[in-house]
Amino acid sequence: MALQTQPVPNASPLHVLRSVCVLLLAASATVAARRHGPAAPIAGQSMYLAPSCRAHTASLTDFGGVGDGTTSNTAAFKSAVDHLSQYSGEGGGGATLYVPAGKWLTGPFNLTSHFTLFLHSDAVILGSQDMGEWPIIDPLPSYGRGRDKAGGRYASLIGGSNLTDVVITGANGTIDGQGAMWWSKFHSNKLKYTRGYLIEVMHSDTVVISNVTLVNSPAWNIHPVYSSNIVVQGVTILAPTHSPNTDGINPDSCSHVRIEDCYIVSGDDCVAIKSGWDEYGIAYGMPSQHIVVRRLTCVSPTSAVIALGSEMSGGISDVRAEDITAVNSESAVRIKTAVGRGAYVRDVFVRGMSLDNMKWVFWMTGNYKSHPDDGYDPNAIPVVDNISYQDVVATGVYKEAARLEGIQGAPFRGICIANVTATLSKSRKYPWTCTDIEGVSTGVTPAPCQPLQGAHVGACPFPTDTLPIDQLVMQQCAYSVPASI
């Protein structure tokens, strides 16, 4: 059963969503215990998909939550998760925390295993504007420091580590990071630490994020890291297109990831696949692999629809993307790396893209000037190999069809481009820029650069096997809203 995206509630960036849609046509607690199962929905029930249904439910109001938009609910969220964690063990049956209609201001809180966070359609979780509510945590070991600043980083609004079977879902309720304060402090260099993300799960297995709207994150929106079996489905992500580093979905040193049916308006990459930064990522050595992206719609005027890197020092492989729509974005697919990154980006397969108003269609960068410190190894040369793009139609391309720049002495190899049409806004004598690359092409307009004019017959490679993440068994679960809510 496919997850259905509900209408987006009235949120500050809603006008962005509407206008783009036209362009795209397109502490004692009373805890009630209830049994869930795959039965058909009845009045008062909400349905959702999860790896397993939950035996116990509670409302945030049971723990003193106040949804007036001004009262802090940090303690209520923490108390609720702490109480419900008693059901997270073997045979505990798992638990659901229901967030009713209202505006629920909170600082960061962590989830527990065998747990569902369910948002009512008119529920809005608001990130606190009190920086004192945001703890400082250690940098990721594969990065060696914070991404914005050396040293630690602020915790993410919703987080968790070493979890199993976690679901964040609902009737398309909203999680609003209220990021404007963070963006302003970032631009004026008034932050001592790296901004937190909206959702981050670490060292976890089987995580499902579906049917929610995420708006105004301080930085990245969804960041699974050192985790496996991740599904992000039917999620809307909205941020002002000038907001700094508001990436949509960033799987980082993750395996078996499925991203599908998502709509993203972002100030940075809509999807960015990562795996650690220079010597720290090389030492940690955990790749991102076996990742599929389907039916993504993206608006990102300053960044990529799908990016690989630039932090890729644990390696990236077996990435499959298809049925992608983008408008007003900088590039459709961008590979970002540099000397010092080491590792590899290989076995990347993209097909079926519909693009309009793009700066470039394809972009590869072998000289991405960003390092955590001066300790990177200048002999750590990344390998980029076996990259396939096909069945792409792009209109309104206002810079070049592609900008493909490998590394001198270590060219990017195995590039295949087939059945691609890029209509440029203005005729250019050199519609392609290519250095230090090798590949083949067929059926490409405008004619590609000489390094891609090797003869090729038929389609570029695209795997036919089924990834394990597509075989993840999901149950249809019914959540009954308590009569007292």
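This briefing sets out the fold, internal spaces, aromatic contacts and backbone features of one protein chain. The structure is a predicted model. The chain contains four helices and 34 strands, and 58% of its 485 residues count as buried. Its exposed surface amounts to about 17900 Å², with carbon and sulfur atoms supplying 50% of that area.

**Pocket and cavity**

- The largest pocket has a volume of about 290 Å³, and 23 residues line it.
- Arg 147, Asn 245, Asp 247, Asp 268 and Tyr 368 are the lining residues nearest the centre of this pocket.
- Classified by residue type, the pocket lining comprises 11 charged, six polar and six nonpolar residues.
- The largest cavity has a volume of about 40 Å³.
- The lining of this cavity is formed by Leu 140, Tyr 143, Arg 145, Gly 146, Arg 147, Arg 153, Tyr 197 and Trp 220.
- Four of the cavity-lining residues are nonpolar, one is polar and three are charged.
- Arg 147 appears in the lining of the largest cavity and also among the residues nearest the centre of the largest pocket.

**Aromatic pairs**

- Across the whole structure, 14 aromatic pairs are found.
- Tyr 48 and Phe 118 make a tilted pair, because their ring planes meet at 55° while the ring centres lie 5.8 Å apart.
- Tyr 48 belongs to strand S2 (residues 45–50) and Phe 118 to strand S8 (residues 115–119), so this pair ties together parts that are 70 residues apart in sequence.
- Both Tyr 48 and Phe 118 are buried.
- Phe 77 and Phe 109 form a stacked pair, with 4.2 Å from centre to centre and 10° between the planes.
- This stacked pair links distant parts of the chain, as Phe 77 is in helix H2 (residues 74–84) and Phe 109 is in strand S7 (residues 109–110), 32 residues apart.
- Phe 77 and Phe 109 are both buried.
- One aromatic cluster is made up of Tyr 48, Tyr 98, Phe 118 and Tyr 479.

**Charged groups over rings**

- Arg 334 is placed over the face of Trp 363, at 3.4 Å from the ring centre.
- Arg 346 has its charged end over the ring of Tyr 344, at 3.8 Å from the centre of that ring.

**Buried residues and their contacts in space**

- Ile 407 is located in the loop between strand S30 (400–405) and strand S31 (412–424).
- The relative accessible area of Ile 407 is 7%, and buried means under 20%, so this loop residue counts as buried.
- Ile 407 and Val 383 are separated by 24 residues in sequence and by 9.3 Å in space, C-alpha to C-alpha.
- Thr 365 lies in strand S28 (residues 360–365).
- With 8% relative accessibility, Thr 365 is likewise buried.
- Between the C-alpha atoms of Thr 365 and Leu 404 the distance is 6.7 Å, although the two residues are 39 apart along the chain.

**Backbone geometry**

- Most residues other than glycine have a negative phi, and most peptide bonds are trans.
- A cis peptide bond joins Gly 309 to Ser 310, with omega near 5°.
- Ser 310 falls in the loop between strand S24 (304–308) and strand S25 (316–329).
- A cis peptide bond also runs from Thr 445 to Pro 446, with omega near -5°.
- Pro 446 is situated in the loop between strand S33 (437–445) and strand S34 (475–480).
- Asn 189, a residue other than glycine, has a positive phi near 60°.
- The loop between helix H3 (180–187) and strand S15 (199–202) contains Asn 189.
- Asn 189 has 53% relative accessibility, and exposed means over 50%, so Asn 189 counts as exposed.
- Asp 436, also not a glycine, has a positive phi of about 55°.
- Asp 436 sits in the loop between strand S32 (432–435) and S33.
- At a relative accessible area of 33%, Asp 436 is partly exposed.

Notes:
Residues numbered from 1 in each chain as written. Predicted model: local features only at pLDDT ≥ 70, side-chain atom pairs only at ≥ 80, totals over all residues. Heavy atoms only, no water. 1 Å grid on protein atoms, 1.4 Å probe; cavity = no way out; pocket = protein on both sides within 12 Å on 5 of 7 lines; lining within 4 Å. Points joined across faces, edges and corners; volume = space filled by probe spheres on them. Nonpolar A, V, L, I, M, F, W, Y, C, P; charged D, E, K, R; others polar. Helix = DSSP H or I, 4+ residues; strand = E, 2+ residues; numbered from the N terminus. Buried < 20%, exposed > 50% of the residue type's maximum accessible area, 1.4 Å probe, protein only. Areas by Shrake-Rupley, 256 points an atom, 1.4 Å probe, with all protein chains shown as cover. Phe/Tyr/Trp six-rings, centres within 6.5 Å; stacked < 30°, edge-to-face > 60°. Lys NZ or Arg CZ within 6 Å of the ring centre and 35° of its normal.
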